[in-house]
Amino acid sequence: MTEDLLSAELISEGLETLLTGKKVLYYPEVGSTNETARQEAGRGAPEGTVVIAGKQTQGRGRLKRSWMTPEGNIALSVILYPQMAFMPSLIMVASLAAARAIESATGMETQIKWPNDVLINGRKVCGILIETDIRPERVNYAVIGIGINVNMKIEELAGVRTPATSLSHETGGEVSRLKILRALLENMDALYHILLSGGSVFAEWRDRLVTLGQEVRVTAGDTAFEGIAESVNSDGSLIVRRQDGRLERVVAGDVTLRR
Ligand code: BTN
C-alpha cells in the first residue's frame, strides 16, 4: 500500500462546510472514536467537532458488537447538539452522507440497508453507530460514528458475520481515505443543514433503501420473525408484513435480507 497520510490539517483545509470539521481531532490510534467524541462532547466541544482515527483498537458496532478498524480504513465520529425532533433523521443524514461520499469518490454505486448500513454489490462496506446522551426532553449530545472499510483485503473480513467488502476490493485498487473523508464531512454538513433549515432528507434515504420489497428476517431483542419489508415511516421505522398478514413496525433491531 502506498502512503495515504492523514492529519487534522489535510482533512480540514479548505473544507466547504458551515460547522462539520471546523475542529478536527486526529489520532493515529484510539480505542474508539465514539468514546473519545463522547468525552469531548462532555467537555463542551463545538458542534461539528470530528474525531478521526488512523486505527481503532476497541471499535464498537451496533447491538454491542465490535468493529474492526485496522490501518487503511476510516473511523470517525462527529459531535452534534441536535434538537430532539431531529433525532430520527440523524440515521438518514449519516447513511446518506456515507453513500454519497463513497459514490463521488469512487464512482461505485451504493445501496442502504435499513436502517443505516451502506452496501456495495450487496456487501456491507460502511457501518454507523449513533450514541446519544439524552436528558429528559433534551439531547445533551449525539455522536455519529461512521466506519468505512477502505483499504482492506477481503481475507481480513473473513471473520465478520455480515457479508462484507471494502472499497479497495470493489474498485480493484487503493482508495484515498482523504478524498472520502472530505466528501463525507461536506455531505454530512449539507444534509444536517437541510434539517436545521426545516427541510427533510427522508425521501432520498427511502429511495436508496435496498430493503424495501424484500423478504427479511427481523431480530429485535428476544423476538425474531420473517416477512416482507413493505415501507418506511418518516420517523425511520420499518413496516414489515408478517407471513400471517399482520403488519409490524420495527424501530430498532437487526434486519437480514433473506436472498
Ligand atoms: C455497525 O455495527 O454497523 C456500526 C459500526 C460503527 C463503527 C464506527 S467506526 C467509528 C465509530 N467508533 C466506534 O467505536 N464505532 C463507530
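The exercises below, each with a worked solution, concern a predicted model and take up a sheet, two pockets and a ligand site.

**Exercise 1. Establish the strand order of the open sheet of 5 strands, and explain why one side of β11 and of β12 is left without a neighbour.**

Step 1. Reading across the open sheet, one meets its 5 strands in the order β11-β10-β9-β8-β12, and the pairing is antiparallel.

Step 2. Strands β11 (247-250) and β12 (254-257) stand at the edges with a single partner strand each, so one side of each has no neighbour in the sheet.

Step 3. Direction ignored, neighbouring strands of this sheet are turned against each other by 45° on average.

Step 4. For a closer look at one pair, take β8 (residues 215-220) and β9 (residues 223-232), which run antiparallel and are joined by 6 bridges; within this pair, Val216 of β8 stands opposite Gly227 in β9.

**Exercise 2. Describe the largest pocket by its volume, its lining and the classes of its lining residues.**

Step 1. The volume of the largest pocket is about 870 Å³.

Step 2. Its lining comprises 41 residues, of which Trp67, Asp117, Lys124, Val160 and Thr162 are the closest to the centre.

Step 3. To place the lining in the fold, note that at least two residues come from each of α2 (33-42), β3 (74-80), β4 (111-113), β5 (117-120), β6 (123-135), β7 (138-148) and β12.

Step 4. Sorted by class, the lining of the largest pocket holds 17 polar, 15 nonpolar and 9 charged residues.

**Exercise 3. Describe the second largest pocket in the same way, and find which element gives the most to its lining.**

Step 1. The second largest pocket has a volume of about 500 Å³, and among its 22 lining residues the closest to the centre are Arg62, Ile91, Pro115, Val251 and Ala252.

Step 2. Both α3 (87-106) and β6 supply at least two residues of this lining, and α3 gives the most, with 5 residues.

Step 3. By class, the lining of the second largest pocket divides into 14 nonpolar, 5 polar and 3 charged residues.

**Exercise 4. Identify the residues closest to the ligand, and work through polar contacts of Thr33, Arg62 and Lys124 with the ligand.**

Step 1. The ligand is surrounded by 20 residues, the closest being Ser32, Gln56, Arg60, Arg62 and Lys124.

Step 2. For Lys124, a polar side-chain atom lies 2.6 Å from an oxygen atom of the ligand.

Step 3. For Arg62, the contact is made by the backbone, with a polar atom 2.7 Å from an oxygen atom of the ligand.

Step 4. For Thr33, an N or O atom in the side chain is 3.0 Å from a nitrogen atom of the ligand.

Note on methods: Residues numbered from 1 in each chain as written. Predicted model: local features only at pLDDT ≥ 70, side-chain atom pairs only at ≥ 80, totals over all residues. Heavy atoms only, no water. Pairing = 2+ DSSP bridges. Helix = DSSP H or I, 4+ residues; strand = E, 2+ residues; numbered from the N terminus. Axes fitted to C-alpha atoms, helices over the stretch in contact; angles between N-to-C directions. 1 Å grid on protein atoms, 1.4 Å probe; cavity = no way out; pocket = protein on both sides within 12 Å on 5 of 7 lines; lining within 4 Å. Points joined across faces, edges and corners; volume = space filled by probe spheres on them. Nonpolar A, V, L, I, M, F, W, Y, C, P; charged D, E, K, R; others polar. Near = heavy atom within 4 Å. Polar contact = N/O pair within 3.5 Å; in protein donor to acceptor, adjacent residues only side chain to side chain.
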